[in-house]
Amino acid sequence: MTPAPEHRTTTTATAPAAGNADLADEAERLTVEWAARVLEDPEACAEDNFLDLGGHSLLALRMSRYAKERFGVEYGLMVLFETDLATAARDLVSRAGNAATGTATDGEG
């Protein structure tokens with residue numbers, strides 16, 4: 001009987017890491033997809049910067065609305081404006097995790 005709980009503990013300990021990686025991958029994929037849609041730029045990729053692609057505050061609000069609907073949190077606008085889309089997606093996942101645990105973010109959002 002002792003081996004079964006140990007096995008469950010091991011499975012539980014590794015499951016969140018895999019789930020976070022899947023969530024991060026999904027967030028990055030959707031961030032790029034949403035940016036391509038709102039910017040009307042099908043060539044947008046994860047390494048691109050939102051502002052460099054022609055983004056502005058109104059389009060960023062649209063992106064944030066998509067994120068809020070899917071992940072329950074909005075993009076940090078400064079992160080979206082100052083970094084690449086992949087970093088903005090990772091920040092979004094972090095914000096979603098912080099919101100789920102009730103941890104405060106850095107005051108943005």
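## A guided tour from Glu28 to helix α4

Begin by selecting Glu28, which counts as partly exposed because its relative accessibility is 29%. This residue is placed in helix α1. Not counting residues up to four places away in sequence, Glu28 touches Ala46, Ala86 and Ala89. Now add Cys45 to the selection: Glu28 and Cys45 are 17 residues apart along the chain, and their C-alpha atoms are separated by 9.5 Å.

**The whole chain**

Zoom out to the full protein, bearing in mind that the model is predicted. The protein contains four helices and zero strands, and from the N terminus on its elements run α-α-α-α. Of its 109 residues, 33% count as buried. The protein exposes about 6,600 Å², of which carbon and sulfur atoms supply 55%. Among contacts with a separation of 6 or more, 53% come from residues 24 or more positions apart.

Next, colour the model by confidence. The mean pLDDT of the protein is 83, and 76% of the residues reach 70 or more. Select helix α1 (residues 3-39), where confidence is lowest, at a mean of 69. Then select helix α2 (residues 57-71), where confidence is highest, at 97. Within residues 1-16, pLDDT stays under 50, and the model has zero contacts beyond four places in sequence for this stretch.

**The loop between α1 and α2**

Move to Glu40, located in the loop between α1 and α2. Glu40 is not a glycine, although its phi is positive, about 50°. Is Glu40 buried or exposed? Its relative accessibility is 71%, so Glu40 counts as exposed.

Select Asn49 next, which has its place in the loop between α1 and α2. Asn49 has a relative accessible area of 13% and is therefore buried. A polar atom of the Asn49 side chain lies 2.9 Å from the backbone nitrogen of Asp52. Leaving aside neighbours within four places in sequence, the contacts of Asn49 are Leu80, Phe81, Glu82, Thr83 and Asp84.

From that list, select Glu82, which lies in helix α3. Glu82 is exposed because its relative accessible area is 56%. Add Leu51 and compare the two positions: Glu82 and Leu51 are 31 residues apart in sequence and 7.8 Å apart in space, C-alpha to C-alpha.

**The nonpolar core**

In soluble globular proteins, nonpolar side chains tend to be buried together. Which residues have the most contacts inside the largest nonpolar core? That core has 27 residues, and the ones to select are Trp34, Val38, Phe50, Met63, Phe71, Tyr75 and Leu80. At least two residues of this core come from each of α1, α2, α3 (77-82) and α4.

Centre the view on Tyr75. Leaving aside its neighbours within four places in sequence, Tyr75 is in contact with Thr31, Trp34, Met63, Ser64, Ala67, Leu80, Ala88, Leu92 and Arg95.

One of these contacts, Ser64, is the next stop. Ser64 is found in helix α2. With 2% relative accessibility, Ser64 counts as buried, since the cut-off is under 20%. Beyond its neighbours within four places in sequence, Ser64 is in contact with Val73, Glu74, Tyr75 and Leu77.

**Helix α4**

Finally, select residues 85-101, which form helix α4. This helix has 17 residues and reaches 24 Å from its first C-alpha to its last, close to the 24 Å expected at 1.5 Å a residue. At the start of α4, look for Asp84: one of its side-chain oxygens comes to within 3.2 Å of the backbone nitrogen of Ala86.

Which residues of α4 are buried? They are Leu85, Ala86, Ala88, Ala89, Leu92, Val93, Arg95 and Ala96.

Continue along α4 to Ala99, which lies in this helix. Ala99 counts as partly exposed because its relative accessibility is 49%. Add Val73 to the selection: Ala99 and Val73 are 26 residues apart in sequence, and their C-alpha atoms are 7.5 Å apart in space. The tour ends at Gly102, which follows α4 and has a positive phi, near 80°.

Notes: Residues are numbered from 1 along each chain as its sequence is written. Side-chain values use heavy atoms; hydrogens and water are left out. The expected span of a helix is 1.5 Å times one less than its number of residues. Buried means under 20% relative accessible area, exposed over 50%, partly exposed in between (1.4 Å probe, protein chains only). A polar contact is a pair of N or O atoms within 3.5 Å; within protein, one must be able to donate a hydrogen and the other to accept it, and residues adjacent in sequence count only if both atoms are side-chain atoms. Contact means heavy atoms within 4.5 Å. Accessible areas come from the Shrake-Rupley method with a 1.4 Å probe; for residues, only the protein chains shown count as cover. pLDDT is the predictor's confidence in each residue, from 0 to 100. A nonpolar core is a set of buried Ala, Val, Leu, Ile, Met, Phe, Trp, Tyr and Cys residues joined through side-chain atoms within 4.5 Å.
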